[in-house]
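User: Hi! I'm new to this one and would like to hear about the empty spaces inside. Could you walk me through them?

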Amino acid sequence: MNVFRILGDLSHLLAMILLLGKIWRSKCCSGISGKSQILFALVFTTRYLDLFTNFISVYNTVMKVVFLLCAYVTVYMIYGKFRKTFDSENDTFRLEFLLVPVIGLSFLENYSFTPLEILWTFSIYLESVAILPQLFMISKTGEAETITTHYLFFLGLYRALYLANWIRRYQTENFYDQIAVVSGVVQTIFYCDFFYLYVTKVLKGKKLSLPMPI
C-alpha cells in the first residue's frame with residue numbers, strides 16, 4: 001500500500017458515489033450509459049471472486065464489497081427503479097465489439113491458465129475499455145451534464161493514480177505487473193481528450209459539449 005493506491009481507491013469510490021447520488025437525487029439516469037455500468041459490474045464480479053478464497057486485509061475486503069454493491073445498485077437504478085428515464089436510444093454501443101476480443105485476449109495473455117486467473121485477467125482487460133460506451137454516448141448526444149463529467153474525471157483520475165502506484169511499487173518493491181500496467185495506460189489514454197475538455201470547460205463553469213457526429 002502507498003499513498004497513490006489509497007488516493008486512487010478513494011477517487012474511484014468518489015466517482016461511484018457521485019454517480020449514485022446524481023441518479024438518486026434527480027430520480028433520473030439520462031445521459032448515463034447503462035452498458036458501461038453493466039461492464040463495470042462484470043469487471044468487479046470477475047475480479048473479486050477471490051473474496052471467497054483469499055483474505056488480504058480488512059481494507060481490501062471492505063473496498064471490494066463496497067465496489068460490488070455500488071456497481072450493482074447503479075445497474076439496478078438504471079434498468080430497474082428509474083428505467084423510464086434511461087436514454088436507451090443513445091446508449092447503442094455494441095458490447096460484443098469489446099467482449100469478444102477481451103475474452104479472446106484473456107485466454108491468450110495471462111499469468112496462469114486457471115479459471116480464477118483467466119477471470120482476473122479478463123476483468124483487467126475489460127476495465128480498460130468499459131468506459132467506451134459512456135464516451136460514445138456523450139459523443140452521440142454532443143454534451144454531458146456537469147455531474148456526469150465529475151464522475152468521469154474522478155474515474156480517470158483513479159486510473160492515473162494507479163499508474164503512479166505501479167511506478168512507486170516498481171521503485172520500492174521491484175514489482176511490475178505488465179498486464180495491469182499496459183491496460184491502465186490504455187484506459188488512461190481514453191480519458192486524455194476528456195481531461196482536456198474538463199479542465200478547459202467544466203472547471204470554468206461551462207457545460208461540456210462536443211461536436212455532433214455527422
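Analyst: Happy to; what follows is a short chat about the cavities in this predicted model.

User: Great. How many cavities of 30 Å³ or more does the structure hold?

Analyst: There are two cavities of that size.

User: What volume does the largest cavity have?

Analyst: Its volume comes to about 70 Å³.

User: And which residues line the largest cavity?

Analyst: The lining is made up of His-12, Met-16, Leu-19, Gln-37, Phe-40, Phe-44, Thr-74, Tyr-151 and Leu-155. Two or more of the lining residues come from each of helix H1 (3–26), helix H2 (34–47) and helix H7 (146–173).

User: What classes of residue are in the lining of the largest cavity?

Analyst: Six are nonpolar and three are polar, while charged residues are absent from this lining.

User: Okay, let's switch to the other one. How much space lies in the second largest cavity?

Analyst: That cavity holds about 30 Å³ of space.

User: Which residues are around it, then?

Analyst: The second largest cavity has Ile-124, Glu-127, Ser-128, Arg-159, Ala-180, Ser-183, Gly-184 and Gln-187 along its lining. Helix H5 (115–129) and helix H8 (178–200) are the elements giving two or more residues here.

User: Which element gives the most to that lining?

Analyst: H8 does, with four residues.

User: Last one: how does the lining of the second largest cavity split by class?

Analyst: You'll find two nonpolar, four polar and two charged residues there.

Notes
Residues numbered from 1 in each chain as written. Predicted model: local features only at pLDDT ≥ 70, side-chain atom pairs only at ≥ 80, totals over all residues. Heavy atoms only, no water. 1 Å grid on protein atoms, 1.4 Å probe; cavity = no way out; pocket = protein on both sides within 12 Å on 5 of 7 lines; lining within 4 Å. Points joined across faces, edges and corners; volume = space filled by probe spheres on them. Nonpolar A, V, L, I, M, F, W, Y, C, P; charged D, E, K, R; others polar.
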